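Please look through the following model with attention to how its helices pack against one another. The paragraphs after it go through two helix pairs in turn.

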Amino acid sequence: MKALRGFLDSQHHHFAKGGSLEKFYPMYEMIDTFIYTPGEVSRGSVHVRDGIDLKRTMTTVAMALTACLLFACYNTGLQANIVLAAEGITSVDSWRGAVMAALGLGFDPTNGVSNFVYGFLFFAPVFLVTNIAGGFWEVVFATVRKHEINEGFLVTGLLFPCILPPTIPLWQVAVGISFGVVFGKEVFGGTGKNFLNPALTARAFLFFAYPGEISGDAVWTAVDGFTGATALGQAAIGGMSAISVSWMDAFLGFMPGSMGETSALACLIGAVVLVVTGIGSWRIMLSMLVSAMLFAFVLNQIGSETNPMFGLAPHWHLVIGGFAFGLVFMATDPVSASMTHKGQFYYGSLIGLMVILVRVINPAFPEGVMLAILFSNCFAPLIDWFVVNGHIKKRQARIKA
């Protein structure tokens, strides 16, 4: 490591101000600070010191996502292998099939290695395209603005593949993440200045621009020509009786869906990491959970003869669709969420209410997490404004008294 440190130091003058590669300094700084802790420290009494910086924050979130990422690979392969085995297909005519054959792996759903490797072959290209395309725009804007390349995209690059179906065309992945980074973040000034979650902004763009590849019944299982609805889609058609998986299987995540969203257990592991480290707001998680469960319970008690979603029990909302993933990793985004403690309760409650409102009241669009969070992102600054001004008025009232 000393040799690498020495090499980076020897190249610094080329990228420093006045050097021949000055305009590429953001790229040099990104590599340097990714490998090593920055050598600069704040001095003077006016600075607030903390033991964690943006890079460590993003690294912690990435660690919290580990369970979801690993399960995304396993379950994507499992769901595909289940269908292939049921249809008696023993070989797949694609580059993925060639890789599996070269590794001596078949398409047996009882083989954990086969499931993971085959799922990885779907997840990895989406992950690479996301980070290459999104990273390109990060570098472009950092170079033009002459500032450091922020680590905020590290998490966006992990989140976006998790909320996509395994069959998504790679060119759409590139277009979607480009829209999310440029119009969801960079046009507002970059990391820390965006009011919308970039990953959800990218997914929303794909949903409305190319709905055929990101919704419906033909995109959730990585087998050509196979159609199968998600558990949430089944519930929207026939209620709880139409769901083909048990609640425990849904909790564990053994069902079709967006690659990294299916396992509520994996999301729960991530929630523990985020809450213990203080990175994710437990206030947002708790208020979103309580709000959604209470509203779902009320609608469940009201019932409906024409809308089967009214009959969906509250605890089912937790384990199907992207509710758990959105609650843990999307709603708690520290940039686009409310920042005041009291405001976080209101913010989380608004998301939970909106999720159930969209899921139940509008059966044509059974998944409401994405729209609920983006909708609440728009109101987060207003919520904080009312909270702060409420505190000011209370203090003024105490002074006058």
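In this predicted model, helix α9 meets helix α17 through L200, T201, R203, A204, F207 and F208 on the α9 side, and through M370, L371, I373 and L374 on the α17 side. Sorted by class, this contact comprises eight nonpolar residues, one polar residue and one charged residue. The two helices, α9 spanning residues 198-209 and α17 spanning residues 369-400, pack at an angle of about 125°, and their axes lie 10 Å apart. Because of that angle, α9 counts as oblique to α17, and the crossing of the two helices is left-handed.

Helix α9 itself can be examined for its length and its surroundings. With 12 residues at 1.5 Å a residue, α9 should span 16 Å, and its end C-alpha atoms are indeed 16 Å apart, so the expected and the modelled span agree. The helix is mostly covered, since nine of its 12 residues are buried; the buried residues are P198, A199, L200, T201, A202, R203, A204, L206 and F207.

A second packing pair is formed by helix α6, residues 112-145, and helix α8, residues 170-184, which pack at an angle of about 35° with their axes 9 Å apart. Here α6 passes α8 in a right-handed crossing. On α6 the contact involves P125, V126, V129, T130, A133, G134, W137, E138 and F141, and on α8 it involves L170, V173, A174, I177, S178, V181 and V182. By class, the contact of α6 with α8 has 12 nonpolar residues, accompanied by three polar residues and one charged residue.

Methods. Residues are numbered from 1 along each chain as its sequence is written. This is a predicted model: local features need pLDDT of at least 70, side-chain atom pairs count only at pLDDT 80 or more; totals for chains, interfaces and linings use all residues. Side-chain values use heavy atoms; hydrogens and water are left out. Axes are lines fitted to C-alpha atoms, for helices over the stretch in contact, and angles run from 0 to 180 degrees between N-to-C directions. Helices (H or I, at least four residues) and strands (E, at least two) are DSSP runs, numbered from the N terminus. Angles under 35 degrees count as roughly parallel, over 145 as roughly antiparallel, 65 to 115 as roughly perpendicular and the rest as oblique. A crossing is left-handed if the near helix is turned anticlockwise from the far one by less than a right angle, and right-handed if clockwise. Contact means heavy atoms within 4.5 Å. Ala, Val, Leu, Ile, Met, Phe, Trp, Tyr, Cys and Pro count as nonpolar, Asp, Glu, Lys and Arg as charged, and the others, Gly among them, as polar. The expected span of a helix is 1.5 Å times one less than its number of residues. Buried means under 20% relative accessible area, exposed over 50%, partly exposed in between (1.4 Å probe, protein chains only).
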